[in-house]
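Here are some short exercises to work through with the model open beside you. Try each task before you read its solution.

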Amino acid sequence: MTTRLGLIALVLVALIRVAAAQQGDTAEAGKRFNAGVALYSETDYRAALVEFRRAYDIAPNPAVLYNIGQTQYQLQDYAAAYLTLTRYLAESGAAAEHKEEVSKTLQTLASRIGKIDVTTNVPGAEVRIDDEIVGKTPLSAPVLVSVGRRKVEVTMAGREPQSRIIDVAAGDTVRQEIVLQEPSRDKPLPLGPSDKPEGKSKLVPALWVTTGVLAVAAIATGVVAYRASNRLEDLRGQFPVDREDLKDQSDKVKLYSRLGDGLGIAAIATGGIALTVTILNRPTKETSMKVGVIPGGLVVGRSF
């Protein structure tokens, strides 16, 4: 007898706790619902929809579906409003408070919806319409959508994603057969900054350093040639002059001049190569080189 009384007491305590939890849920749902009503009156329909949905999730009540459907109508989401208000009538039954009003609204919404029937060559592909997941292929039925321009996306692991923009008129059932293909193995993958060949990254600074060294050497050699030339002029102005000294100084002037010219040409050539490699090795796509042949010669252009 004592064991039975103890068991009954435990059951009563459990029932009391469930009732208290339900009352707490009802209070929270009422708070959310009132917040949705306030936001709706301020025409903040998106925020109101969030509150109404939260209220229904906490404590499902057919009356809340009416508010959700009306809010979706104001957001011009006609397909969602049609489904929600149809569900409101089904869950409310004959006692639906807004039955006549909702029936008329459904007639209006029926003239603003259509359907999209998506099929794929492989099962299990995820289908999104206007960025919302509607299911995986094969879909059980065409998807109800609002009239207008709709975006359809189909994705699947190991297949190239596909996207379509579809115009749907009232009452239409637009069929879309989408083929998901495997990624092409011949298609090169884009290289990121860390994927670029290491040789190219080291080549650019090496070319510019070489250009700088050659330019400095060309200038230094030019200075030496200039001084040697001045010395040659001085010797020519002297009298008497040793022919051997004159010939030796003349040879020096020729040597330094030719060496300076060679270093200068090498610096220009290396600089041109360094500039070309730098442009081709740039990570951005802001600049591209264009080469074309015209009757007068070769044309090299740059586009931005």
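Three exercises follow, each with a worked solution.

This is a predicted model, where local features need pLDDT of at least 70 and side-chain atom pairs count only at pLDDT 80 or more, while totals for chains, interfaces and linings use all residues. Residues are numbered from 1 along each chain as its sequence is written, and side-chain values use heavy atoms, with hydrogens and water left out.

**Exercise 1.** Check the span of helix 4 (residues 78-92). Helices are DSSP runs of H or I with at least four residues, and strands are runs of E with at least two, numbered from the N terminus.

*Solution.* Start with the rule: the expected span is 1.5 Å times one less than the number of residues. Helix 4 has 15 residues, so it should span 21 Å. Now compare: its end C-alpha atoms are 21 Å apart, which agrees. Just past the helix, Gly 93 has a positive phi of about 70°.

**Exercise 2.** Find which residues of helix 4 are buried (under 20% relative accessible area, 1.4 Å probe, protein chains only).

*Solution.* Go along the helix: the buried residues are Tyr 78, Ala 79, Ala 80, Ala 81, Thr 84, Leu 85 and Tyr 88. Next, look at their partners, with contact meaning heavy atoms within 4.5 Å. They pack against helix 3 (62-74), helix 5 (99-110), strand 1 (113-120) and strand 4 (143-146).

**Exercise 3.** Work out which strands stand at the edges of the open sheet with order 3-2-5-6.

*Solution.* Two strands pair if DSSP finds at least two bridges between them. The four strands pair antiparallel. Strand 3 (132-136) and strand 6 (162-168) each have a single partner strand, so one side of each lacks a neighbour in the sheet. Seven bridges join strand 5 (residues 148-155) to strand 6, and Arg 149 stands opposite Asp 167 in strand 6.

Key:
Buried < 20%, exposed > 50% of the residue type's maximum accessible area, 1.4 Å probe, protein only.
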